[in-house]
Amino acid sequence: MNKKIGTLYGIGVGPGDPELITLKSAKILSRVQVVFAAASTKNSHSLAVNIARPHIPKTTSIKMLSFPMTKDKKKTRESWAKNAAIIINELIQGKDAAFLTVGDSMTYSTFGYILKHIQATAPYITIESIPGITSYQAAAARLNTPLVEGEESLLVTSGVKGGDRLRQLSCKPETVVFLKAYRNVKDIISAVEETDLFEDCVAISKCGLPGEEVVSDLKEFANRPPNYWTLIIAKQKKKKTPLKDEIRMGRHHRRQSEAVLEFTESM
Ligand SMILES: C[S@@+](CC[C@H](N)C(=O)[O-])C[C@H]1O[C@@H](n2cnc3c(N)ncnc32)[C@H](O)[C@@H]1O
């Protein structure tokens, strides 16, 4: 008789507010036997567990897995292997388990590494990834600012190495989101200013969490070490054509009919 092996759920718990977790994730958390979350080797605190706590029954076992914050690739790989083995050990006992991630489970998440490691080394394990609301979606909502509209593009990048990713692009997207904007803020701001295209640049720390901060004076912000839970959103100036110029160029009428067409097509 085949022994039951549990399923591993990668759960994005959203950016902070426990109400911003999906119904699907809340349902899974109410029934899994074990919940895993990543912690640094220095402490066992987990923001993901705090966010998900209202949805985890008191009897559920919560296990912290320590991942070193290091650039040493060997140590990092060893920690994936060690932690994957701990997870697999629970699954092969027939228990279902969840691995929590702040924001979305597929966006800059430790779960992504664990997922790939288990897929490669234990392909018989069933893994289901459940998406979550990302930090930058929550930040855009907090600012009441659409991220992208119409034909615009969005770049989501890491700010760990400053603004280099933005510099490297010959065509700059209308909106740029720097996650991990807790280091090199000065260089992120320099890269944004160098293009001379962006007018709104706002940093948000701890979005939706106690101590939330929205900062638009980024020069002042760059002079103090930001919190780890910080992101920066930069938006290009909108190209506005005065209405009378549009009419003179005969575009106004065409735009209106295009809008009607778009509306009809989306119905
Ligand atoms: C390892 S990444 C995780 C991203 C996450 N999976 C997501 O979907 O947003 C960590 C970075 O996410 C951003 N972040 C996550 N939650 C945040 C929050 N509540 N407020 C501001 N930034 C947040 C910060 O830039 C932080 O350095």
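Gly-12 sits opposite Thr-101 of strand E4, and that pairing is a handy place to start reading this predicted model. Strand E4 covers residues 97-101, and its partner E1 runs parallel to it over five bridges. E1 also has a second neighbour: strand E5, residues 126-130, pairs with E1 in the parallel sense, again over five bridges. If you want a landmark on that side, look for Leu-8, whose bridge partner in E5 is Ile-127.

With E4 and E5 both paired to E1, how many residues of E1 are buried? Five of the six residues in this strand, which spans residues 7-12, are buried, so E1 is largely enclosed by the rest of the structure. Here a residue counts as buried when 20 or more other C-beta atoms lie within 10 Å of its own.

Now let's move along the chain to helix H7, residues 185-195. Its buried residues are Val-185, Ile-188, Ile-189, Ala-191 and Val-192. They span an arc of only 160 degrees around the axis, which places them on the same side of H7. The spacing fits a familiar rule: an α-helix has 3.6 residues a turn, so residues three or four places apart point the same way. What covers these buried residues of H7? The cover includes helix H6 (164-168), strand E7 (175-179), strand E8, helix H8 (218-222) and strand E10. Just after the helix comes Asp-196, which has a positive phi, near 60 degrees.

Two of those covering strands, E8 and E10, turn up again at the ligand. The ligand is surrounded by 25 residues, and the closest are Gly-103, Asp-104, Thr-134, Ser-135 and Cys-207. Strand E8 (198-205) and strand E10 (230-236) are the elements that give two or more residues to this shell. Sorted by class, the shell holds twelve nonpolar, ten polar and three charged residues.

Where does the ligand lie relative to the domains? Domain 1 (8-130) and domain 2 (135-236) each give residues to the shell, so the ligand lies between them.

Finally, step back to the whole chain. There are ten helices and ten strands in the chain, and of its 267 residues, 33% count as buried. Contacts often reach far along the sequence: among those between residues at least 6 apart, 70% join residues at least 24 apart. The pairing of Leu-8 with Ile-127 and that of Gly-12 with Thr-101 are good places to see parts of the chain brought together.

Methods
Residues numbered from 1 in each chain as written. Predicted model: local features only at pLDDT ≥ 70, side-chain atom pairs only at ≥ 80, totals over all residues. Near = placed C-beta within 6 Å. Helix = DSSP H or I, 4+ residues; strand = E, 2+ residues; numbered from the N terminus. Nonpolar A, V, L, I, M, F, W, Y, C, P; charged D, E, K, R; others polar. Domains from an automatic or database assignment. Buried ≥ 20, exposed ≤ 12 C-beta atoms within 10 Å, placed from the backbone. Pairing = 2+ DSSP bridges. Arc of directions from axis to C-beta. Contact = placed C-beta atoms within 7 Å.
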